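Please brief me on the fold, packing and backbone geometry of the model shown here. Keep to what can be computed from the coordinates.

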Amino acid sequence: MYQIKFVIIPFFFCLSCAAEKTGANWWQKEAEIMVKNQLERRGIKDERVLRVMRETPRHLFVPENLKDVAYEDGPLPIGKGQTISQPYIVALMTELLELNGNERILEIGTGSGYQAAILSPLVKE
């Protein structure tokens with residue numbers, strides 16, 4: 001009887017963790033952690049860049065088997081020998097552009113499209 005309790009408790013804990021990842025907003029928590037731990041701690045200060053990094057669902061730009069690690073600190077393979085850049089590098093490149101919102105941006109060869117998705121709410125076109 002006691003052994004069953006010890007097996008059941010970890011089982012329900014695992015189900016709870018799995019449900020958390022499959023919930024509609026799981027990624028927003030991951031994105032918030034990414035922004036605080038990877039971007040703000042490394043000196044990214046532009047509030048517009050930080051906001052768009054929080055609001056852009058990075059997991060939609062990686063292969064299905066990598067969605068659970070999409071918000072971690074590193075580049076990820078996206079196929080054909082390409083990678084989606086590390087979140088910090090995307091934020092740094094975006095901040096260094098010093099965008100004011102009136103720019104027209106043409107990005108060529110974007111790979112996954114993540115950088116373009118980050119830039120689009122920050123520019124006119």
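The points below cover confidence, helix packing, one glutamine, the hairpin and positive phi values.

This is a predicted model, in which local features need pLDDT of at least 70 and side-chain atom pairs count only at pLDDT 80 or more, while totals for chains, interfaces and linings use all residues. Residues are numbered from 1 along each chain as its sequence is written, and side-chain values use heavy atoms, with hydrogens and water left out.

**Confidence**

- The mean pLDDT (the predictor's confidence in each residue, from 0 to 100) of the protein chain is 87, and 82% of its residues reach 70 or more.
- Over residues 6–20, pLDDT stays under 50. For this stretch the model has 3 contacts (heavy atoms within 4.5 Å) beyond four places in sequence.
- Where pLDDT is low, the predicted coordinates should not be read in detail.

**Helix 3**

- Helices (H or I, at least four residues) and strands (E, at least two) are DSSP runs, numbered from the N terminus.
- Helix 3 spans residues 47–55, and its buried residues are V49, L50, V52 and M53. Buried means under 20% relative accessible area, exposed over 50%, and partly exposed in between (1.4 Å probe, protein chains only).
- These residues cover an arc of only 165° around the axis, which puts them on the same side of helix 3. The arc is that of the directions from the helix axis to the C-beta atoms.
- The packing partners of the buried residues of helix 3 are helix 2 (26–39), helix 4 (87–96) and helix 5 (114–119).
- At the N-terminal end of helix 3, D46 acts as a cap, with a side-chain oxygen 2.8 Å from the backbone nitrogen of R48.

**Helix 4**

- P87, Y88, V90, A91, T94 and E95 are the buried residues of helix 4.
- Viewed down the axis of helix 4, they fall within an arc of 160°, so they line one face of the helix.
- Helix 2, helix 3 and helix 5 are among the elements that cover these buried residues.

**Q38**

- Q38 is in helix 2 and is buried, at a relative accessible area of 7%.
- Not counting residues up to four places away in sequence, Q38 touches I33, Y71, E72, D73, P87 and Y88.
- A polar atom of the Q38 side chain lies 2.8 Å from the backbone oxygen of Y71.
- Q38 and P87 are 49 residues apart along the chain, and their C-alpha atoms are separated by 7.6 Å.

**Strand pairing**

- Strand 1 (76–79) and strand 2 (82–84) are joined by a loop that holds K80.
- The two strands pair in the antiparallel sense over 3 bridges; pairing requires that DSSP finds at least two bridges between two strands.
- G79 has Q82 of strand 2 as its bridge partner.
- The hairpin of strand 1 and strand 2 has 2 residues between the strands.

**Positive phi values**

- Most residues other than glycine have a negative phi, and most peptide bonds are trans.
- K80 is a residue other than glycine with a positive phi, near 55°. K80 is exposed, with a relative accessible area of 84%.
- E98, also not a glycine, has a positive phi of about 50°.
- E98 comes just after helix 4, in the loop between helix 4 and helix 5. At 66% relative accessibility, E98 counts as exposed.

Methods:
A polar contact is a pair of N or O atoms within 3.5 Å; within protein, one must be able to donate a hydrogen and the other to accept it, and residues adjacent in sequence count only if both atoms are side-chain atoms.
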